[in-house]
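Me: I have a model open here and would like to go through the labels on it one at a time. Could you show me how each one is earned?

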Amino acid sequence: MHRVKVISGHLSSYPPQGGNRKCNINHCRARAAVSGPEDVVVVHGRRTAIGKAKRGLFKDTTPDELLSAVMKAVMTDMGLSPDRLGDVCVGNVLQPGAGAVMARIAHFLSEFPETVPVYTVNRQCSSGLQALFNIAGAIKSGSIDLGLACGVESMSLQEMGNPGDLSPRLVDFEKARACVVPMGITSENVAERFGISREKQDAFAVSSHQKADRAQRSGRFEAEIVPVVTKVTDAEGTECTVTVLKDEGVRPSTTLEGLGKLRAAFRPDGSTTAGNSSQVSDGAAALLLGRRSAVEALGLPVLGVLRASAVVGVPPDMMGIGPAYAIPAALEQAGLSVADIDVFEINEAFASQAVYCVEKLCLPLDRVNPNGGAIALGHPLGCTGARMTVTLLHELQRRGRRGYGVVSVCSLSDPRVCPLGVRCGLCLLSV
């Protein structure tokens, strides 16, 4: 009941249309995190590079191969036999049946034994993060000691579009109608209702590319990226073998002037463009989680500790603002404030919603997506939540001191799962 009251309070405080947004965050100091043998910890995480959908080096690579690459890498890195795993959960959006068959095939391509179970989850853009929640929940409940949480998407081989079989009665219900509003229009709604200018959106996009470029050039991503050997066919039909090592979407030459020349993508008079939106992409990520006592008994390292998680619903025609309401819920659960968090990884579905969340929560920009986000790196839907968690934990580890990080992803959700139609998932980790 306390959690319901907390979330209700956040949802009842939407700012008025336009105008200034006041920070509504508890700035109390953190209570010290208490570690114990029952902690849910992250042992290790790897990801593929993120490829440009339809045009990149992964355009001909099936998602089971992408997924197998990261599954095998995580287990090999840790010297751990796959039969130690109690469960495997894979986030996926576009494959039929949330990729259930694809995931099982990846499981065998990775030479995992048939005795290790695997299943998939589709929570749209948060699917990879939901996979982490599910494995963490199984560990917390005592069902398993170790599990693998993954996310994968090939936006080259599957496309968005068909929402499935829906009742014609949806037109009679305002919130139900809003569930099928195109994502680009929800971005325009956020920009219009909360006064997020085109200039702010373009500046945020430029910053994303600049940060990603610095991270890429300095080698920050090398420890998290699994080299993938695959085949690609060029425009002349010639097939060649390549090793994919780098994210393909980063454009260091991006400028405000250049973005300013792009036309609006969803409304003639809109402000959302191809340049200030996330890129469609291909990629996969995997994380090994466990109960601290089991992890220590196996002599495995602890990369991070899951301290809190939250899921909240927001109006479906404003997809994207969820992090502004989920983050306070998780911080309160953990007894932390914005000031205590070292790194915020907030998915950049659109610059409009990312800017809104940053302004609403008064987040220091230098702590938000310090290595760039989906506008620069790309957004392979089912992979993104897991990818962001891998990137966050490697960044905190790179800094060489104890710290806290937040991962938050907004997405259109199945209304049967979330009655409000749109929700945001979030996890809070410490190292």
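Reply: Happy to! Let's start with Arg46: its relative accessibility is 11%, and buried means under 20%, so Arg46 counts as buried. Keep in mind that this is a predicted model.

Me: What makes the contact of Arg46 and Asp77 a salt bridge?

Reply: The rule asks for a side-chain nitrogen of Lys or Arg within 4 Å of a carboxyl oxygen of Asp or Glu. Arg46 and Asp77 come to 2.5 Å, N to O, so the pair fits the rule. Arg46 sits in strand S1 and Asp77 in helix H2, 31 residues apart, and the pair links distant parts of the chain.

Me: Is Asp77 buried, exposed or partly exposed, and how do you know?

Reply: Its relative accessible area is 37%. Partly exposed covers the range between under 20% and over 50%, so Asp77 is called partly exposed.

Me: Which partners does Arg47 have in salt bridges?

Reply: One of them is Glu224, with the closest N and O atoms 2.7 Å apart. Arg47 lies in strand S1 and Glu224 in the loop between H7 and S6, so this pair ties together parts that are 177 residues apart in sequence. Another is Asp247, at 2.8 Å from N to O. Asp247 belongs to the loop between S7 and helix H8, 200 residues from Arg47.

Me: Why are Arg47, Glu224 and Asp247 called buried?

Reply: Set each value against the cut-off of under 20%. Arg47 has 0% relative accessibility, so it counts as buried. Glu224 has 2% and counts as buried, and Asp247, at 5%, counts as buried too.

Me: How many salt bridges does the rule give, and which residues join into one network?

Reply: The count comes to 17 salt bridges. Glu38, Asp145 and Arg291 are joined into one network by salt bridges that share partners.

Me: Why is Pro163 called exposed?

Reply: Exposed means over 50% relative accessible area; Pro163 has 57% relative accessibility, so it counts as exposed. You will find Pro163 in the loop between strand S5 and helix H5. Its C-alpha is 7.7 Å from that of Val180, which is 17 residues away in sequence.

Me: What makes Val101, Ile105 and Leu109 a nonpolar patch?

Reply: Patch members need over 30% relative accessible area and no salt bridge, with nonpolar side chains joined within 5 Å. Take Ile105, in helix H3: its relative accessibility is 38%, so it counts as partly exposed. Together, Val101, Ile105 and Leu109 have about 250 Å² of accessible area.

Me: How do you know that the span of H2 is close to the expected one?

Reply: The expected span is 1.5 Å times one less than the number of residues. H2 has 16 residues, for which 22 Å is expected, and it reaches 23 Å from its first C-alpha to its last. Its buried residues include Leu66, Leu67, Val70 and Met71, and among the elements covering the buried residues of H2 are strands S1 and S3 and helix H3.

Me: Why do the side chains of S6 point to two faces?

Reply: In a regular strand the side chains alternate between the two faces of the sheet. In S6, Val228, Thr230 and Val232 point to one face and are buried, while Val229, Lys231 and Thr233 point to the other and are not.

Me: What makes S6 and S7 a pair?

Reply: Pairing takes at least two bridges. Six bridges join S6 to S7, and the two strands run antiparallel, so they count as paired.

Note on methods:
Residues are numbered from 1 along each chain as its sequence is written. This is a predicted model: local features need pLDDT of at least 70, side-chain atom pairs count only at pLDDT 80 or more; totals for chains, interfaces and linings use all residues. Side-chain values use heavy atoms; hydrogens and water are left out. Buried means under 20% relative accessible area, exposed over 50%, partly exposed in between (1.4 Å probe, protein chains only). Helices (H or I, at least four residues) and strands (E, at least two) are DSSP runs, numbered from the N terminus. Contact means heavy atoms within 4.5 Å. Patches are made of residues with over 30% relative accessible area and no salt bridge: like charges are joined within 9 Å, nonpolar side chains (Val, Leu, Ile, Met, Phe, Trp, Tyr) within 5 Å. Accessible areas come from the Shrake-Rupley method with a 1.4 Å probe; for residues, only the protein chains shown count as cover.
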